[in-house]
Amino acid sequence: MLYEGVLLFGIVFIAGWLFSTLTQQKNAMYLRQPLEVWLFLVVGIYYIWCWTHGGLTPWRALLRYLLAWLWFVPGLAIAKLIDASGWMLVLPPLLNFLVWAATALFDKDRQFLHDRLAGTRLVATR
């Protein structure tokens, strides 16, 4: 997981640098939403590429990527809806993350909900 994080950091860093260079972005708030969309696409392409080389079809990999965002998006949306600030900005996403992680405890095969919904399965290789 640490290795994956280092790779992803590099990919996001280069993608962000390319975006800011090509758009002449002067500060973080300028073109923030297009940057977020760009990074969402770049990260998606990275994961979909990895997963298709690990045995998934492109459509199944895309579905898994989109469903995996449910670890974060509902909590972030709730924080935005309640106009959260301070610690309340962290609480809804954290609770969302914990609830989503807990779904594996109730699954008969201990799968996370996004894998169950996408029809995918984590396979441990040793």
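The following questions and answers examine helix packing, aromatic pairs and selected residues in a predicted model.

Student: How do the axes of α1 and α2 lie relative to each other, and what term describes their angle?

Tutor: Two packed helices are described by the angle between their axes and the distance between the axes. For α1 and α2 the axes are 10 Å apart, and the angle is about 140°. Angles over 145 degrees count as roughly antiparallel and 65 to 115 as roughly perpendicular. The angle falls in neither range, and the two helices are therefore oblique to each other.

Student: What is the hand of the crossing of α1 and α2, and how many nonpolar residues are in their contact?

Tutor: The crossing of α1 and α2 is right-handed. Residues of α1 in the contact include Leu 7, Leu 8, Ile 11 and Phe 19, and those of α2 include Trp 38, Leu 39, Tyr 46 and Tyr 47. By class, the contact has one charged residue, one polar residue and, as the number requested, 14 nonpolar residues.

Student: Which term describes the angle of α2 to α3?

Tutor: Helix α2 spans residues 32–52 and helix α3 spans residues 58–68; their axes are 9 Å apart, at an angle of about 130°. Because angles outside the parallel, antiparallel and perpendicular ranges count as oblique, α2 is oblique to α3.

Student: Which residues of α3 make the contact with α2?

Tutor: α2 passes α3 in a right-handed crossing. On the α2 side, the contact is made by Phe 40, Val 43, Gly 44, Tyr 47, Ile 48, Trp 51 and Thr 52. The residues of the contact divide into 10 nonpolar, two polar and one charged. On the α3 side, the residues are Pro 58, Ala 61, Leu 62, Arg 64, Tyr 65 and Leu 66.

Student: What kind of aromatic pair do Tyr 65 and Trp 69 form?

Tutor: A search of the whole structure finds 11 aromatic pairs. In the pair of Tyr 65 and Trp 69, the centres are 6.1 Å apart and the planes stand at 90°. Because planes over 60 degrees apart count as edge-to-face, the pair is edge-to-face.

Student: Is Tyr 65 buried or exposed?

Tutor: Tyr 65 belongs to a cluster linked by ring pairs, with Trp 69, Trp 71 and Phe 72 among the other members. Trp 69 has a relative accessibility of 30% and therefore counts as partly exposed. Buried means under 20%; at 5% relative accessibility, Tyr 65 counts as buried.

Student: Where is Gln 24 found, and what is the sign of its phi?

Tutor: Gln 24 is found in the loop between α1 and α2. At 48% relative accessibility, Gln 24 counts as partly exposed. Its phi is near 55°, in a residue other than glycine, and the sign is positive.

Student: What is the value of phi for Leu 31?

Tutor: Leu 31 is placed in the loop between α1 and α2. Its relative accessible area is 29%, so Leu 31 is partly exposed. Its phi is positive in a residue other than glycine, with a value near 60°.

Student: Is Gln 111 buried or exposed?

Tutor: Gln 111 is found in the loop between α5 and α6. Leaving aside neighbours within four places in sequence, Gln 111 is in contact with Thr 103, Ala 104, Arg 116, Thr 120 and Arg 121. Because its relative accessibility is 9%, Gln 111 counts as buried.

Student: What distance separates the C-alpha atoms of Lys 80 and Asp 115?

Tutor: Lys 80 has its place in helix α4, and at 70% relative accessibility Lys 80 counts as exposed. Lys 80 and Asp 115 are 35 residues apart along the chain, and their C-alpha atoms are separated by 27 Å.

Key:
Residues are numbered from 1 along each chain as its sequence is written. This is a predicted model: local features need pLDDT of at least 70, side-chain atom pairs count only at pLDDT 80 or more; totals for chains, interfaces and linings use all residues. Side-chain values use heavy atoms; hydrogens and water are left out. Axes are lines fitted to C-alpha atoms, for helices over the stretch in contact, and angles run from 0 to 180 degrees between N-to-C directions. Helices (H or I, at least four residues) and strands (E, at least two) are DSSP runs, numbered from the N terminus. Angles under 35 degrees count as roughly parallel, over 145 as roughly antiparallel, 65 to 115 as roughly perpendicular and the rest as oblique. A crossing is left-handed if the near helix is turned anticlockwise from the far one by less than a right angle, and right-handed if clockwise. Contact means heavy atoms within 4.5 Å. Ala, Val, Leu, Ile, Met, Phe, Trp, Tyr, Cys and Pro count as nonpolar, Asp, Glu, Lys and Arg as charged, and the others, Gly among them, as polar. Buried means under 20% relative accessible area, exposed over 50%, partly exposed in between (1.4 Å probe, protein chains only). Rings of Phe, Tyr and Trp (its six-membered ring) pair if their centres lie within 6.5 Å; planes under 30 degrees apart count as stacked, over 60 as edge-to-face and the rest as tilted.
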